[in-house]
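Here is a short walk through one structure for your next coffee break. Have the sequence and the 3D view open side by side as you read.

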Amino acid sequence: MTTSLQKWRIPLRLIKRYDIVFSCRRRLLHEGPDTIEELLDRHIVKKEKHLDDEEEELLNRRRLTSTRREALGLYRDIIRATRFFMWPDSRGVLWRDVLRENARKEFEEARFETDPQIITRLLIGGHDAVQSAIDKLAEKQRQQIQKERGGGD
């Protein structure tokens, strides 16, 4: 190493200082572990640390915040979807209003639910119900258009 550096005329005293200063860094930047414990530490799945009550509460709040956001998104989707239901039911009330009232009632019933599995199940069921209602509405409109075109020809 010194011969290649001497070729560039770097004084030997600078090389030694360089080696002393940066020898610690070389050890930290190397690729392999020094001991078997390091190797095992890097590649074995570690058990989760037990969270104290404050951390657990913070984690639960984050989960609730994200599910609250999803629930509000679902509620907005329901309100948007009900705009298409403009015909009255047998009592003369618009289906739009009936659907909005029922959605509000179901959301109020599940308002204080804290079990993440039940909340997830409710959200997935709600999204599926909205999507299937919109799909059925679109299919009925297609059939109605086909009927009008077929009857008009």
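Residues 24 or more positions apart account for 43% of the contacts in the protein chain with a separation of 6 or more. Please keep in mind that this is a predicted model. The protein chain has 6 helices and 0 strands, and from the N terminus on its elements read α-α-α-α-α-α.

How much of the protein chain is buried? Of its 153 residues, 10% count as buried. The protein chain exposes about 13,900 Å², and 55% of that area is supplied by carbon and sulfur atoms.

**Threonine 82**

Let's zoom in on a residue of helix 4, which covers residues 53–82: threonine 82 belongs to this helix. Is threonine 82 buried or exposed? Threonine 82 has a relative accessibility of 3%, and the cut-off for buried is under 20%, so threonine 82 counts as buried. The side chain of threonine 82 also reaches the backbone oxygen of isoleucine 79, at 2.7 Å. Leaving aside residues up to four places away in sequence, threonine 82 touches Arg96, Leu99 and Arg100.

**The aromatic pairs**

Now for the rings: the structure holds 2 aromatic pairs. In one of them, tyrosine 75 and phenylalanine 107 meet edge-to-face, with 5.1 Å centre to centre and 80° between the planes. Tyrosine 75 sits in helix 4 and phenylalanine 107 in helix 5 (residues 95–109), so this pair ties together parts that are 32 residues apart in sequence. Phenylalanine 85 and tryptophan 87 also form an aromatic pair, and this one is tilted. Its rings are 5.5 Å apart centre to centre, with 50° between the planes.

Why is one pair called edge-to-face and the other tilted? Planes over 60 degrees apart count as edge-to-face, while those that are neither over 60 nor under 30 count as tilted.

How well covered are the four ring-bearing residues? Here they are, residue by residue:

| Residue | Relative accessibility | Class |
|---|---|---|
| Tyrosine 75 | 22% | partly exposed |
| Phenylalanine 107 | 26% | partly exposed |
| Phenylalanine 85 | 13% | buried |
| Tryptophan 87 | 40% | partly exposed |

In the tilted pair, then, phenylalanine 85 is buried at 13%, whereas tryptophan 87 is partly exposed at 40%. In the edge-to-face pair, tyrosine 75 counts as partly exposed at 22%, and phenylalanine 107 counts as partly exposed at 26%.

Key:
Residues numbered from 1 in each chain as written. Predicted model: local features only at pLDDT ≥ 70, side-chain atom pairs only at ≥ 80, totals over all residues. Heavy atoms only, no water. Helix = DSSP H or I, 4+ residues; strand = E, 2+ residues; numbered from the N terminus. Buried < 20%, exposed > 50% of the residue type's maximum accessible area, 1.4 Å probe, protein only. Contact = heavy atoms within 4.5 Å. Areas by Shrake-Rupley, 256 points an atom, 1.4 Å probe, with all protein chains shown as cover. Polar contact = N/O pair within 3.5 Å; in protein donor to acceptor, adjacent residues only side chain to side chain. Phe/Tyr/Trp six-rings, centres within 6.5 Å; stacked < 30°, edge-to-face > 60°.
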